[in-house]
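Reader: I am in my first year of study and should like a close look at a single part of this protein. Could you please take one helix and its surroundings, and then place that part within the whole chain?

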Amino acid sequence: MNKNNIAIVGLSWGDEGKGKFVDYLAQKADIVVRFQGGNNAGHTVVVDDQKYKFHIMPSGALLEKEVVIANGLVVDPGVLLEEIEKIKEIGKTLNLKLSSTAHVILPFHKILDGLEEQAKGKYAAGTTKRGIGPAYADKAARWGIRIYDLVNPDLLKEKLTRLYEIKKKIICAFDPNWCDNIDEIYNEYREYGDRLRQYVVDTASYLNMQLDLGKKIIFEGAQATLLGIDHGFYPYGTSSNANALGISPGTGVPPRKIGTIIGVVKAYTSRVGQGFFPTELHDNIADQIREQGHEFGTTTGRPRRIGWLDLFNIKYSIMINGIENIVISLLDALENVDPLKICVGYELEGTKLSSWPIQPEIVEKCKPIYKDFKGWKSRSAKEWSEIARKGYDALPDEMKSYIQAIKEELNVEIAMISIGPNRSDTIVLKDDLL
Ligand code: IMP
């Protein structure tokens with residue numbers, strides 16, 4: 001096992017609590033790298049009782065670790081600059097490298113995101129409206145604007161003007177009154193470029209050089225495997241490979257150097273946006289778990305949809321990522337729910353399926369097969385912290401059975417367990433990962 005580097009990826013629909021484990025492991029790392037997505041992600045960080053929300057900045061910036069926004073991202077420069085200022089306001093030293101080949105989200109990408117969603121009808125994913133899909137679409141069409149263009153005003157002017165002329169025609173087909181001012185966009189983005197220039201490097205060369213020097217790197221996934229563009233629940237996902245397979249194209253780090261891949265499993269399932277969700281709950285249990293788990297989107301504030309843990313689709317994610325170790329988050333948020341259910345398979349027209357069917361049109365017809373588990377009673381935040389301090393043996397017996405069932409069903413090792421929001425509310429079962 002390559003113990004120098006770790007990748008952390010979500011195994012369901014996002015919001016599994018990846019940030020907390022990245023934060024925990026980042027203490028031992030030198031560099032934290034984001035490799036895909038954009039400011040559609042979100043994590044909340046608490047410093048001196050004050051909550052800060054970040055969307056594009058890699059976790060680890062507040063630990064004053066070196067952070068890298070690699071080439072696989074689409075970057076909204078205005079949002080990135082706001083987050084840079086926030087880090088400085090908190091009084092932290094920022095050590096950021098921004099890839100010259102990451103792509104830029106432009107104002108018309110955000111407009112198109114909304115218009116395309118309307119046009120998609122029942123196939124709309126319920127996006128964050130941050131322009132993620134349209135920016136990745138321009139990247140794939142090979143007329144996207146990269147960070148290198150952003151920081152070179154002449155290139156920016158030429159490429160932006162050409163792109164704008166096309167986008168204007170498309171947007172006006174939906175909304176004839178749309179008229180944005182190209183000079184305003186250019187001036188705004190040229191200024192962003194001026195302010196970001198100091199951070200821009202070829203991050204692929206930089207990261208490979210750091211790896212050769214023996215630096216420890218964490219690859220921080222955003223969103224999660226089932227939202228991934230190639231191996232997710234298409235079209236109800238995002239536009240990047242939100243799994244470990246996205247690391248090499250998203251960073252320029254070759255696969256053999258990536259290291260251990262850790263999958264994050266939340267003790268139940270949540271989802272934002274559209275798309276059939278087989279284990280979804282629509283009753284007061286969903287409300288209870290949503291409140292106990294604070295399941296409201298960091299990026300959009302939307303209440304998240306809640307359901308039972310689905311180990312059948314997580315098994316698929318385990319296969320895609322090649323996972324041998326998982327961490328389990330938010331077990332405390334299931335307190336006082338009894339009985340608990342875990343989905344261990346799907347039935348389609350009376351037949352038990354052998355693997356997750358991936359195709360939404362098939363998943364929609366499936367019925368989850370559940371196993372019941374006894375729940376555990378509620379405790380105060382202080383009591384959960386005390387249990388975490390004592391370690392695994394101090395967990396309620398019912399919780400241990402629930403964890404054991406996850407381990408056996410997925411055939412993986414459990415590396416860490418989280419039973420509260422603080423860094424210290426983490427029980428580490430394998431401390432030789434990094
Ligand atoms: P987009 O990434 O904004 O294009 O949204 C596409 C889909 O991914 C929508 O269903 C979003 O709700 C979902 N999504 C995007 N980012 C996140 C995230 O960080 N957590 C959970 N869902 C996300």
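Author: The following account begins with helix H11, then turns to the domains, the ligand and some details of the backbone.

The model is a predicted one. Helix H11 covers residues 311–321 and is mostly covered, as nine of its 11 residues are buried. The buried residues are Leu311, Phe312, Asn313, Ile314, Tyr316, Ser317, Ile318, Ile320 and Asn321. What do these buried residues of H11 pack against? Their partners include several strands: S1 (5–10), S11 (260–266), S14 (309–310), S15 (325–329) and S16 (340–348). One helix, H14 (397–410), is also among the elements against which the buried residues of H11 pack.

The two ends of the helix may be considered in turn. At the N-terminal end, aspartate 310 acts as a cap of H11. A side-chain oxygen of aspartate 310 lies 3.0 Å from the backbone nitrogen of phenylalanine 312, and Phe312 is itself one of the buried residues of the helix. After the helix comes glycine 322, whose phi is positive, near 65°.

Asparagine 321 deserves separate attention. This residue lies in helix H11. Is asparagine 321 buried or exposed? Asparagine 321 has a relative accessible area of 6%, which is under the 20% limit, and therefore counts as buried. Its side chain makes a polar contact with the side chain of threonine 225, at 3.0 Å. Leaving aside residues up to four places away in sequence, asparagine 321 touches Val9, Leu11, Thr225, Asn243, Ala244 and Ile261. Threonine 225 thus appears both as a polar partner of asparagine 321 and in the list of residues that asparagine 321 touches.

The wider setting is a chain divided into two domains. Domain 1 comprises 6–93 + 203–428, while domain 2 comprises 103–199. Their centres, taken over C-alpha atoms, are separated by 29 Å. How many residues of each domain are in contact with the other? On the side of domain 1 there are 30 such residues, and on the side of domain 2 there are 24.

The ligand provides a further link between the domains. Both domain 1 and domain 2 give residues to the shell around the ligand, so the ligand lies between them. There are 16 residues around the ligand, and Asp15, Asn40, Ala125, Thr128 and Thr238 come nearest. By class, six residues of the shell are nonpolar, eight are polar and two are charged.

Distances from oxygen atoms of the ligand to polar atoms of the protein add detail. An N or O atom in the side chain of threonine 238 is 2.6 Å from an oxygen atom of the ligand. For arginine 302, an N or O atom in the side chain is 3.2 Å from a ligand oxygen. In the case of valine 272, a polar backbone atom is 3.4 Å from an oxygen atom of the ligand. Taken alone the ligand exposes 470 Å², and the protein buries 97% of that.

Some details of the backbone are also worth following. A cis peptide bond joins tyrosine 234 and proline 235, with omega about 5°. Proline 235 lies in the loop between strand S10 (217–220) and helix H9 (247–251). Glutamine 223 has its place in the loop between S10 and H9 as well. The phi of glutamine 223 is near 55°, a positive value in a residue other than glycine. Glutamine 223 has a relative accessible area of 10% and is buried.

Another cis peptide bond joins aspartate 338 and proline 339, and its omega is about 0°. Proline 339 is found in the loop between S15 and S16. Both of these strands pack against the buried residues of H11, which brings the account back to the helix with which it began.

Glutamate 64 is a residue other than glycine whose phi is positive, near 60°. Its loop runs between strand S4 (50–54) and strand S5 (66–69). With a relative accessibility of 41%, glutamate 64 counts as partly exposed.

Finally, valine 45 is found in strand S3, residues 43–47. Apart from residues up to four places away in sequence, valine 45 touches Gln50, Lys51, Tyr52, Phe54 and Leu62. Valine 45 and isoleucine 414 are 369 residues apart along the chain, and their C-alpha atoms are separated by 25 Å.

Conventions:
Residues are numbered from 1 along each chain as its sequence is written. This is a predicted model: local features need pLDDT of at least 70, side-chain atom pairs count only at pLDDT 80 or more; totals for chains, interfaces and linings use all residues. Side-chain values use heavy atoms; hydrogens and water are left out. A residue is near a molecule or strand if one of its heavy atoms lies within 4 Å of it. A polar contact is a pair of N or O atoms within 3.5 Å; within protein, one must be able to donate a hydrogen and the other to accept it, and residues adjacent in sequence count only if both atoms are side-chain atoms. Accessible areas come from the Shrake-Rupley method with a 1.4 Å probe; for residues, only the protein chains shown count as cover. Ala, Val, Leu, Ile, Met, Phe, Trp, Tyr, Cys and Pro count as nonpolar, Asp, Glu, Lys and Arg as charged, and the others, Gly among them, as polar. Domain bounds come from an automatic or database domain assignment. Buried means under 20% relative accessible area, exposed over 50%, partly exposed in between (1.4 Å probe, protein chains only). Helices (H or I, at least four residues) and strands (E, at least two) are DSSP runs, numbered from the N terminus. Contact means heavy atoms within 4.5 Å.
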